[in-house]
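Me: I would like to go through the helix packing in this model. Could you take me through it step by step?

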Amino acid sequence: PFFAAIAFGQGSVEARAFTRESMDRSDYLPADKLQELMAQIDPTLVLDDSAKEMLQDVADDFVENVAAFACELVRHRQGDQLEEKDVKLALEKRWDMRLAGVGDLTKRPPQAPVKVHLERMQAVRRSQARS
């Protein structure tokens, strides 16, 4: 079983245990959404039931794993709320996924090279010029 926190009024939270059997089949990728996605790729494509179930299982596992790792990151930073940055970091660290347009929209100015780096680069250029 896995646990989900269900929020109630006045800041009270209740944790409930759920099993795969107690949930609807594929909460994250219902069959109609899967068919819609498949139609966007190839309108003539037909999936058999076992392929649909496998894709739904993969989607469910992916979402649950991302959420679980993001919650671990919240605990690590000693936070009490799951934020977008936690999900983004979980995707980047565990699955090497960077989502364009998600997260911080401000561009950071490029950092000036460190003095030690500049000195090393000058030494490399001098040694290349000698050879």
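Reply: Certainly; please note that this is a predicted model. Helix α2 (residues 49-76) packs against helix α3 (residues 84-95) at an angle of about 110 degrees, and their axes are 8 Å apart.

Me: What does that make α2 relative to α3?

Reply: Angles of 65 to 115 degrees count as roughly perpendicular, so α2 is roughly perpendicular to α3.

Me: Is the crossing of α2 and α3 right-handed or left-handed?

Reply: α2 passes α3 in a right-handed crossing.

Me: Which residues make the contact?

Reply: From α2, the contact uses Phe-62, Asn-65, Val-66, Phe-69, Ala-70, Leu-73 and Val-74. The α3 side consists of Asp-86, Val-87, Leu-89, Ala-90, Leu-91, Lys-93, Arg-94 and Trp-95.

Me: And how do the residues of that contact divide by type?

Reply: In the contact of α2 with α3, 11 residues are nonpolar, one is polar and three are charged.

Me: Turning to α1, how do its axis and that of α2 cross?

Reply: Helix α1 (residues 31-41) and α2 have axes that come within 11 Å and cross at roughly 100 degrees. The two helices are therefore roughly perpendicular to each other.

Me: Which residues are involved there?

Reply: Ala-31, Leu-34 and Gln-35 of α1 meet Lys-52, Leu-55 and Gln-56 of α2. Three of the residues in this contact are nonpolar, two are polar and one is charged.

Me: Which residues form the largest nonpolar core?

Reply: That core has six residues, namely Leu-29, Leu-34, Met-38, Leu-47, Ala-51 and Ala-59. The elements giving two or more residues to this core are α1 and α2.

Me: Where is Ala-68, and how far is Ala-68 from Ala-90?

Reply: Ala-68 lies in helix α2. Its C-alpha is 9.1 Å from that of Ala-90, and the two are 22 residues apart in sequence. Ala-68 has a relative accessible area of 39%, so this residue is partly exposed.

Me: Changing topic to the backbone, which residue in the loop between α2 and α3 deserves a look?

Reply: Gln-78 is in that loop. Gln-78 is not a glycine, yet has a positive phi of about 60 degrees. Most residues other than glycine have a negative phi.

Me: Is Gln-78 buried or exposed?

Reply: Gln-78 is exposed, because its relative accessible area is 74% and the cut-off for exposed is over 50%.

Me: What about Asp-96, and where is its place?

Reply: Asp-96 sits in the loop between α3 and α4 (115-130). Asp-96 also is not a glycine and has a positive phi, of about 55 degrees. With a relative accessible area of 54%, Asp-96 is exposed.

How values were computed:
Residues are numbered from 1 along each chain as its sequence is written. This is a predicted model: local features need pLDDT of at least 70, side-chain atom pairs count only at pLDDT 80 or more; totals for chains, interfaces and linings use all residues. Side-chain values use heavy atoms; hydrogens and water are left out. Axes are lines fitted to C-alpha atoms, for helices over the stretch in contact, and angles run from 0 to 180 degrees between N-to-C directions. Helices (H or I, at least four residues) and strands (E, at least two) are DSSP runs, numbered from the N terminus. Angles under 35 degrees count as roughly parallel, over 145 as roughly antiparallel, 65 to 115 as roughly perpendicular and the rest as oblique. A crossing is left-handed if the near helix is turned anticlockwise from the far one by less than a right angle, and right-handed if clockwise. Contact means heavy atoms within 4.5 Å. Ala, Val, Leu, Ile, Met, Phe, Trp, Tyr, Cys and Pro count as nonpolar, Asp, Glu, Lys and Arg as charged, and the others, Gly among them, as polar. Buried means under 20% relative accessible area, exposed over 50%, partly exposed in between (1.4 Å probe, protein chains only). A nonpolar core is a set of buried Ala, Val, Leu, Ile, Met, Phe, Trp, Tyr and Cys residues joined through side-chain atoms within 4.5 Å.
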